[in-house]
Amino acid sequence: MPTYQDILTQTYEVLERFSKGQQIDEETELVTELGLDSVQVMELLLEAEDRLDISIPLNILASVRTVGDLAQQLQQLVDRG
């Protein structure tokens, strides 16, 4: 089972293509700092689902603002697995 750090690392890898060279850490805000639009958020979720072999309900997005928030939500989904 992947640890939080494993999931965070994979999240960083997925976000690299959206970062435009910007440094990403747990406090990086997905929309305001990275400028992700709704299509990019969906691409991010689909890739995370494939990498982690989970299904991500869209209602988690209400509590996701930063990269760390996303990684925590993904960790909870993996743990429920």
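## A first look around the model

Leaving out neighbours up to four places away in sequence, Thr 66 is in contact with Glu 26, Glu 27, Thr 28, Glu 29 and Leu 30. That's a handy place to start in this predicted model. Thr 66 sits in the loop between H2 and H3, and its relative accessibility of 4% makes it buried, because anything under 20% gets that label.

**The nonpolar core**

One of those partners, Leu 30, also turns up in the largest nonpolar core. This core has 24 residues, and Leu 15, Leu 30, Leu 36, Ile 56 and Leu 74 are the ones that touch the most other members. Three elements give two or more residues to it: helix H1 (4-15), helix H2 (38-52) and helix H3 (67-80). Which of them gives the most? That would be H3, with six residues. As a bit of background, nonpolar side chains in soluble globular proteins tend to be buried together.

Take Leu 15 for a closer look. Setting aside residues up to four places away in sequence, Leu 15 touches Ile 24, Leu 30, Leu 34, Leu 36, Leu 44 and Val 67.

**A cavity**

How many cavities of 30 Å³ or more are there? The count comes to one, and the largest cavity has a volume of about 50 Å³. Its lining is made up of Ile 7, Gln 10, Thr 11, Val 14, Leu 44, Ala 48, Arg 51, Leu 52 and Leu 74. H1 and H2 are the elements that give two or more residues to that lining. Sorted by type, the lining residues come out as six nonpolar, two polar and one charged. Two of the lining residues are already familiar: Leu 44 lines the cavity and is also touched by Leu 15, while Leu 74 lines the cavity and is on the list of core residues that touch the most other members.

**Along the loops**

Now for the loop between H1 and H2, where you'll find Ser 19, Lys 20 and Val 31. Is Ser 19 buried or exposed? It is buried, with a relative accessible area of 8%. A polar atom of the Ser 19 side chain lies 2.9 Å from the backbone oxygen of Glu 16. Ser 19 also touches Ile 24 and Leu 34, again not counting residues up to four places away in sequence.

Next door in this tour, Lys 20 isn't a glycine, yet it has a positive phi of about 55 degrees. Asp 53, found in the loop between H2 and H3, isn't a glycine either and has a positive phi of about 55 degrees. Here is how exposed these two are, with Val 31 for company:

| Residue | Relative accessible area | Label |
|---|---|---|
| Lys 20 | 70% | exposed |
| Val 31 | 53% | exposed |
| Asp 53 | 72% | exposed |

Val 31 and Gln 72 are 41 residues apart along the chain, and 17 Å separates their C-alpha atoms.

**A stop on helix H3**

Last up is Asp 79, which lies in helix H3. Asp 79 has a relative accessible area of 44% and is partly exposed, because that label covers values between the 20% limit for buried and the 50% limit for exposed. The side chains of Asp 79 and Gln 75 are joined by a polar contact of 2.7 Å. Asp 79 and Glu 43, on the other hand, are 36 residues apart in sequence and 22 Å apart in space, going from C-alpha to C-alpha.

Terms used. Residues numbered from 1 in each chain as written. Predicted model: local features only at pLDDT ≥ 70, side-chain atom pairs only at ≥ 80, totals over all residues. Heavy atoms only, no water. Core = buried A, V, L, I, M, F, W, Y, C linked by side-chain atoms within 4.5 Å. Buried < 20%, exposed > 50% of the residue type's maximum accessible area, 1.4 Å probe, protein only. Helix = DSSP H or I, 4+ residues; strand = E, 2+ residues; numbered from the N terminus. Contact = heavy atoms within 4.5 Å. 1 Å grid on protein atoms, 1.4 Å probe; cavity = no way out; pocket = protein on both sides within 12 Å on 5 of 7 lines; lining within 4 Å. Points joined across faces, edges and corners; volume = space filled by probe spheres on them. Nonpolar A, V, L, I, M, F, W, Y, C, P; charged D, E, K, R; others polar. Polar contact = N/O pair within 3.5 Å; in protein donor to acceptor, adjacent residues only side chain to side chain.
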